[in-house]
Amino acid sequence: MESETLIQPKMLSHEKVPVVIYKNSREASKIVAREIADFIIACQQNGKRAVLGLATGSTPKTVYAELVRLHHREGLSFKNVISFNLDEYYTLPPDAIQSYRRFMNENLFDHIDILPENCYIPDGTVPQELLKTYCTEYENKIAEAGGIDIQLLGIGSNGHIGFNEPGSHVSSPTRLITLDLSTRADAASDFGGIANVPKKAITMGVGTILKARRIILLVWGERKADILKKAVEGPVTEFVPASYLQGHPNTLFVTEQSAAAALTRRKSPWLTENVVWDTAMIKKAVTSLALMVKKPILKLTDNDYNENGLSDLLAMYGQAYDINIKVFNWLQYTITGWPGGKPNADDTNRPERANPAKKRVLIFSPHPDDDIISMGGTFQRLVDQGHEVHVAYQTSGNIAVADDEALRFTEFVIDFNEKFSIENEGTNAIYKKALAFLKVKESGEKDIEEVRYVKGLIRRGEARNTCRFVGIPAGCIHFLDLPFYETGLVEKSPLSQKDYAIIQQVIQQVQPHQLYAAGDLADPHGTHKVCLDAIFEAVHLLKNEAFMKDCWVWLYKGAWAEWDIDMIEMAVPMSPDQVLKKRLGIFKHQSQKDGVVYQGTDSREFWQRAEERNKATADLYNKLGLAEYAAMEAFVRWHF
Ligand code: F6R
């Protein structure tokens, strides 16, 4: 049966597969779920079965949630659906916490009326000697069902689809595969460390996937931006298995703004369409031109503009020199050593107001170390320049503390109490319970409340240490312990009224002139994004309060990436000494040093990542022809 295509965009010149970009993953997921639902309904009307190929991982969760909603709200039935999942870890039993069978039950199957006997997922426990036959049978079952009508896919950060890792052949069948180190690193947080991630998996092959009549690949989050560009605009290559989809006649890539950011249509839109040449677009074009031709802005010539698709812009201004000066000045104005505003200075072209000279500043830090890692230099300057600086730690960050660290601190308390005969039965019992649990804890197992508390305390102590080091008093440190975070798992609860109220309360208490927040607008599942959403909502609720009229919100990038150079509205330079001081501030977070729980694929320590990123920002300014600094922290203003 032909699948219905509700969403099939025209292809752009640089793109070799159709791509549709939505505002966010929620919106995109609704459209995809609608297409699947309509297809299922069309099959029902024709007395046919709908065969779905399903994926796991963080990406499809929002689509499954929407399908569940359609089942409950609109009576969408799945009785005519047969599903085949892409993959399963080998040798995970189906009831293991991280098994894909369990994932599918929890995220979809348990909440809809699909018949259990129609849900096929590779069995991770098949003995090795039977695997070949088992995989062939899996393929046969798909064929017997009539082949896959709609195949849902995610994409790995290395370009894998299913678990077809780089190197997979275009016609590979369902088989056992050895997982890439990067795939295992991506999964490490689910397993409580990379060492516990299985080394192998059973996966449908690329050949199996390509037989599906319709393929929808979902991509969310800026960490997927580079691989999405490769899969969409690059050559078809075994090194990026998702690029094989370019050869499929009915594939659609569904994405959202942050994941799409590296595509040519977003990175250099003047190459793919007629653009409006506003300030932001001119800045984007000129900075990228300068970086491409490797010249400082003031040395760009008419030829450079003409030869690189920017003749329109040139025609508008007459000559390169005039555009160059304009953009150079815009960039120059973003640089300031006075993040809280320079007292008694003309602030016409400065990022911050001069008045009031002494500001109340509230820095929101999603985890207990984001303040120092992402804006430590600016934090220090604000304190040194006499502003009243407060820090609000949004979450306890407890799941990122290793068990042995918690064990160490628990033993410390018990030994301390024993030494000084501190007889507090209640307290001692709590620590002893934590200790007993930690000694027998299985990998990936959820911590009991007492252990989460110990881990939270460890991070609190580290954050206090940093604040002492930077020089703010205890009264300016606010631990919010937002409830949404306290699940003890990577998976968090949705934000609730309680979270908003806590954020509102601290904003009301400080009444800041400046509010700093981690602006990871991109990451759809991460804690930073949720923390930012909570701030946005709280600010929205407070925006009519008189003090909010004087409150400017500055966003720093919380994760590893930096704002694009053309977006930066305030760049705070740092001297080599300030860089060193920031490093020492980061060192206060001992539990996050030397191999952390959530290391990811980047093996650098946090202070190294921060230093390299701040140096890279300074180098970019310098390459564009501005002054040469050792490092810079960058901010974008959010107008609410
Ligand atoms: C899952 C699968 C994988 C994931 C990919 C992205 O069944 O086959 O290809 O789709 O690893 O994972 P997330 O969505 O967690 O980023």
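In this predicted model, the side chains of E611 and R583 form a polar contact at 2.7 Å. E611 belongs to helix α20. Leaving aside residues up to four places away in sequence, E611 touches V579 and R583, so R583 appears both as a polar partner and as a contact, since a polar contact is a pair of N or O atoms within 3.5 Å and contact in general means heavy atoms within 4.5 Å.

Helix α20 covers residues 606–623 and lies across β16 and β17. Its direction relative to β17 (631–638) is about 85°.

**The seven-stranded sheet**

Both β16 and β17 are members of an open sheet of seven strands. The strand order is β13-β12-β11-β14-β15-β17-β16, and the pairing is mixed. At the edges stand β13 (477–479) and β16 (570–574), each of which pairs on one side only. On average, and with direction ignored, neighbouring strands of this sheet are turned by 25° against each other.

Within the sheet, β14 (residues 514–518) and β15 (residues 552–556) are paired in the parallel sense, with five bridges between them. Q514 has W552 of β15 as its bridge partner.

**The three-stranded sheet**

A separate entry in the fold is an open sheet of three strands, ordered β4-β8-β7, with antiparallel pairing. Its edges are β4 (87–90) and β7 (175–178); each has a single partner strand, so one side of each is left without a neighbour in the sheet. From one strand to the next the twist averages 30°.

Strands β4 and β8 (residues 200–203) are joined by four bridges in the antiparallel sense. Across this pairing, E88 of β4 stands opposite I202 in β8.

**The ligand site**

Residue D87, which falls in β4 (87–90), also takes part in the ligand site. Around the ligand there are 14 residues, of which T56, T59, D87, H160 and G162 come nearest. By class, this shell holds three nonpolar, eight polar and three charged residues.

Which residues place an N or O atom at 2.4 Å, 2.6 Å and 2.8 Å from an oxygen atom of the ligand? They are D87, G162 and K224, with D87 and K224 using side-chain atoms and G162 a backbone atom.

| Residue | Part of the residue | Distance to a ligand oxygen atom |
|---|---|---|
| D87 | side-chain N or O atom | 2.4 Å |
| G162 | backbone N or O atom | 2.6 Å |
| K224 | side-chain N or O atom | 2.8 Å |

Taken alone, the ligand exposes 410 Å², and the protein buries 89% of that area.

**Backbone geometry**

Two cis peptide bonds and one positive phi value can be located in loops. The bond between Y90 and T91 is cis, with omega of about 10°. T91 lies in the loop between β4 and α3 (100–107), while Y90 is the residue at which β4 (87–90) ends.

The peptide bond joining N355 and P356 is also cis, and its omega is about -5°. P356 is placed in the loop between α12 (320–334) and β11 (360–365). Strand β11 is in turn part of the seven-stranded sheet, between β12 and β14 in the strand order.

D481 is not a glycine, yet its phi is positive, at about 40°. The loop that contains D481 runs between β13 and α17 (497–510), and β13 is one of the edge strands of the seven-stranded sheet.

Definitions and conventions. Residues are numbered from 1 along each chain as its sequence is written. This is a predicted model: local features need pLDDT of at least 70, side-chain atom pairs count only at pLDDT 80 or more; totals for chains, interfaces and linings use all residues. Side-chain values use heavy atoms; hydrogens and water are left out. A residue is near a molecule or strand if one of its heavy atoms lies within 4 Å of it. A polar contact is a pair of N or O atoms within 3.5 Å; within protein, one must be able to donate a hydrogen and the other to accept it, and residues adjacent in sequence count only if both atoms are side-chain atoms. Accessible areas come from the Shrake-Rupley method with a 1.4 Å probe; for residues, only the protein chains shown count as cover. Ala, Val, Leu, Ile, Met, Phe, Trp, Tyr, Cys and Pro count as nonpolar, Asp, Glu, Lys and Arg as charged, and the others, Gly among them, as polar. Two strands pair if DSSP finds at least two bridges between them. Axes are lines fitted to C-alpha atoms, for helices over the stretch in contact, and angles run from 0 to 180 degrees between N-to-C directions.
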